[in-house]
Amino acid sequence: QASLKERAAAKGLIFGAAADKHILLNTLFANTFTKDCGMLVAENDLKWRTIRSNPHTFDFSKGDWLVKFARTHGMLFRGTPLVWELGLPKWFKKKVNHKNAERFLVEHITKVAKHYAGVVHSWDVVNEAIAVSRSKRSDGLSRSPWLEFLGEDYIELAFRTAAKADPKAMLVYNDRWLDYDTPVGNAQRAAVLKLLERLKSNKTPIHALGIQAHLKARETRFNAEKMRGFLKDVASLGLKILITELDVQDEGLPADVMESDRIVAAAYEDYLSVVLDEKAVIAVLTWGLSDRYTWLSRNSRRPLLYDSYFQRKLAWNAMARAF
Ligand code: XIL
């Protein structure tokens, strides 16, 4: 059977998944990973908390290990995120304020993007800037320290700084809650579209939208037409689209594993059959590959393509059929 990366490549697409160094040290997992993935996404190893244990030094050792692993196995490499309100080290709150925030932001992006220039396919330059359900602003911008200290222009500044540091990387704005026909989903899509329009009209160097796609198998309010319309609007701005963090929460599904696996697989297939119709979509990346290692493990048992023993599930077949 052809691997997922081969099937994807035959359609001009990239298939990949997120992982960190500590799980790739499991050779059984690593073998599964390298067989199917054409791209490795650093799940946590490039976050501020990992590389900046103190304000003065940068520790690239885990990220460098991932780069080497990707190169050894002929995989592309992708970094996330340069700017986010979460994943920050403990010292951040004490050290960063409105006087020095710009210096921290520019220094961080410059150092990190330069370090990985030439080896990184794409960067989530800004992650989750919009949170319509928690924002009091009409533009839906999330109350992050960056917004508080620098105002809304922090987003543009981040992209311009990243482009200077690595002129070749694909620069991505990545966000969540974009998938469902719910009040939050609709408002989030509208706010993200507005932001992308603003960035494009300012000639901000942005190349793609990342759609996280943390799906819920129980959520039925997926509206294919609305999703197609949104993808088309994004594409018409001249942007590419990446599905960046796909997984399917199986919380609340029937206890029977066969049955819940079927529902999860159907959720993958329904979603992909819509988004892969859009030509601007260039990559499908899952947030993990095996149920053994998933950020959802507390409330979700089997959200990914492989089970905890690295056996393919129905979701793997659904992914294979989608390409
Ligand atoms: C998650 C990781 O998967 C976890 O291991 C970590 O504890 C928290 O962050 N949206 C994102 C990702 O953009 O960076 C998050 O990753 C999941 C939600």
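**Reasoning through a predicted model**

Visitor: How do you know that the span of α9 agrees with what its residues should give?

Guide: This is a predicted model, and the check is on its C-alpha atoms. Helix α9 has 12 residues. At 1.5 Å a residue, they should span 16 Å. The end C-alpha atoms are 16 Å apart, so the two values agree.

Visitor: Which residues of α9 are buried, and what covers them?

Guide: Y154, I155, A158, F159, R160, T161, A162 and A165 are buried. Their cover includes α7, β4, α8, β5 (170–175) and α10 (183–201).

Visitor: What does A158 touch?

Guide: Leaving out residues up to four places away in sequence, A158 touches L82, V83, L105, I109, V125 and V126. Two of these partners, L105 and I109, are buried residues of α7.

Visitor: How many residues reach from one end of α7 to the other, and over what distance?

Guide: Helix α7 has 15 residues, 101–115. Its first and last C-alpha atoms are 21 Å apart, close to the 21 Å expected at 1.5 Å a residue. L105, I109, V112, A113 and H115 are its buried residues.

Visitor: Why are the buried residues of α7 said to line one face?

Guide: Look down the axis of α7. The buried residues fall within an arc of 160 degrees, so they line one face of the helix. They pack against β4 (122–127), α8 (145–150) and α9 (154–165).

Visitor: Which residues have the most contacts inside the largest nonpolar core?

Guide: V125, A158, A162, I243, Y268 and L285. The core has 93 residues. Its largest share, 7 residues, comes from helix α12 (residues 257–275).

Visitor: What makes N127 count as buried or exposed?

Guide: A residue is buried if 20 or more other C-beta atoms lie within 10 Å of its own. N127 has 25, so it is buried. N127 lies in strand β4. Beyond its neighbours within four places in sequence, N127 is in contact with T80, P81, V83, W84 and N174.

Visitor: What surrounds the ligand?

Guide: E43, N44, N127, Q212, E245 and W295. By class, this shell has 1 nonpolar, 3 polar and 2 charged residues.

Visitor: Why is the bond from T80 to P81 worth a look?

Guide: Most peptide bonds are trans. The bond from T80 to P81 is cis, with omega near -20 degrees. P81 sits in the loop between β3 (76–79) and α6 (91–95).

Visitor: What is the sign of phi at A213, and is the residue buried or exposed?

Guide: Most residues other than glycine have a negative phi. A213 is not a glycine, yet its phi is positive, about 60 degrees. A213 lies in the loop between β6 (208–211) and β7 (214–216). The cut-off for buried is 20 or more. A213 has 23 C-beta neighbours inside 10 Å, so it counts as buried.

Visitor: Why is F310 called partly exposed?

Guide: Partly exposed means between the cut-offs: 20 or more is buried, 12 or fewer is exposed. F310 has 16 other C-beta atoms within 10 Å, so it is partly exposed. F310 also has a positive phi, about 65 degrees, although it is not a glycine. F310 is in the loop between β9 (281–286) and α13 (314–322).

Key:
Residues are numbered from 1 along each chain as its sequence is written. This is a predicted model: local features need pLDDT of at least 70, side-chain atom pairs count only at pLDDT 80 or more; totals for chains, interfaces and linings use all residues. Helices (H or I, at least four residues) and strands (E, at least two) are DSSP runs, numbered from the N terminus. The expected span of a helix is 1.5 Å times one less than its number of residues. The arc is that of the directions from the helix axis to the C-beta atoms. Two residues are in contact if their C-beta atoms, placed from the backbone, lie within 7 Å. A residue is near a molecule or strand if its C-beta atom, placed from the backbone, lies within 6 Å of it. Ala, Val, Leu, Ile, Met, Phe, Trp, Tyr, Cys and Pro count as nonpolar, Asp, Glu, Lys and Arg as charged, and the others, Gly among them, as polar. A nonpolar core is a set of buried Ala, Val, Leu, Ile, Met, Phe, Trp, Tyr and Cys residues joined through C-beta atoms within 7 Å.
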